[in-house]
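Visitor: I'd like a close look at a single part of this model, with the cut-offs spelled out. Could you walk me through it?

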Amino acid sequence: MKSAKFLLMALVAMAFVGCGSDDDNSASTPKLATPTPTVDQSTITATSATVTWSAVTNAASYEVQLNGATVQTVTSPSVSLTSLTAGTSYTVGVRAVPADTQSYSASDFGTCTFTTTGEGGEGGEGGNTHASLSGSNYYLISLDAATYETIKDKVVADFRPNDTDCFLYDWASNFSDGTSAGPNFYGVVDSWVNIQIGTATGWFGAGFFSTNLDNIKKLAQIDADVNNYYLHMAWKGTNTGNYAVKLYDGVIDGCPVIVNVDDEYGFARDGEWHEIEVPLKYFYDKGLKYQETVLTSLAPDASGNVGLNIMAITQPDDGTMPQSLQIDAVFIYKK
């Protein structure tokens, strides 16, 4: 009996030793360094913001929380938060998660706070709403998703390229993609139309074409109050040269305004964003006219597509040849 009792005690002792060893291993697993997130103030809008932090050594991903609830897992040290509420304070938490969970454990959460701007599109509290978003009756040609959320209730027709019924065409087949990673005209970290232009063909043409006939016919609503409508565009670049911006109505073959450097509808080539607003009356005086009878009876084009070039940007007839095209926030709206 004595031997049996000794054996039982020995097994119990071994069990305690084993548990103690496992606890020591767990305690010795180091945590990853805690991220230090910050908010890029220039990206804060009524519904969005961008948070960045320095990459953490040995981290495979980052868990992102918003007011204590996990909203995203990302692999790069930044996150774009969207669908936020205007005029609201948020706390963002970020922790680093390791790939090798045997050697490292997840970090603690690093946090930062920010407050979204006032209600978008209505000149809300905070006074940060851009004037061009305070109008009505928007016909969109190019606009980022976050800014769209601030005016979506005022959009009459959306012609932004979507590869379904709205397209951006390279007529001369001499474009290549440029790099466009915000902030864009409205300070949102998002892409914009950035095209590098090849010079071999001696001309270029970018056409925003839509086959959405329901939206196309809505352009006729502009005709009754054309004096209060404007074409809004934001441009940037460093290349000299002119651009011809053309609107189409189903009859006229592109009614142009020349965007150059020095004149009324030009912009400085300093690499900064510049706003251009052209009254629709300017185009009407040159022959443009949105007529319901025309817009509802469009004929097929040379490729058999029934639709309309909503807007095009081409090389003007004066022979200038810019080497890039960077444009954002393109829409027709009512002031």
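Visitor: Is Leu84 buried or exposed?

Guide: Leu84 is buried, because its relative accessible area is 8%, and buried here means under 20% relative accessible area, with exposed over 50% and partly exposed in between (1.4 Å probe, protein chains only). Before going on, a word on the ground rules: this is a predicted model, where local features need pLDDT of at least 70, side-chain atom pairs count only at pLDDT 80 or more, and totals for chains, interfaces and linings use all residues. Residues are numbered from 1 along each chain as its sequence is written, and side-chain values use heavy atoms, with hydrogens and water left out.

Now, where does Leu84 sit? It's in the loop between β5 and β6 (89–98); strands are DSSP runs (E, at least two residues), numbered from the N terminus. Its contacts (heavy atoms within 4.5 Å) take in Ala46, Thr47, Ser48, Ala49, Leu66, Tyr90, Phe114 and Thr116, leaving aside residues up to four places away in sequence. Take Ala46 from that list: 38 residues separate Ala46 and Leu84 along the chain, yet their C-alpha atoms are 7.1 Å apart.

Two of those contacts, Ala49 and Phe114, turn up again in a separate nonpolar core. To place that core, start with the largest one, which has 49 residues; Leu231, Met233, Trp235, Leu280 and Tyr290 touch the most other members. A nonpolar core is a set of buried Ala, Val, Leu, Ile, Met, Phe, Trp, Tyr and Cys residues joined through side-chain atoms within 4.5 Å. Strand β18 supplies the largest share of this core, 5 residues. The second core, separate from that one, has 20 residues, including Leu32, Ala49, Val74 and Phe114. As a general backdrop, nonpolar side chains tend to be buried together in soluble globular proteins.

Back to β5, the strand on one side of Leu84's loop. It belongs to an open sheet of 3 strands, ordered β1-β2-β5 and paired antiparallel; strands count as paired if DSSP finds at least two bridges between them. The edges are β1 (38–39) and β5 (78–81), each pairing on one side only. Strand β2 covers residues 49–52, and 2 bridges tie it to β1 in the antiparallel sense. Within that pairing, Val39 stands opposite Val51 of β2.

So to recap the spot you asked about: Leu84 is a buried residue in the β5–β6 loop, touching Ala46 and Phe114 among others.

Notes: Helices (H or I, at least four residues) and strands (E, at least two) are DSSP runs, numbered from the N terminus.
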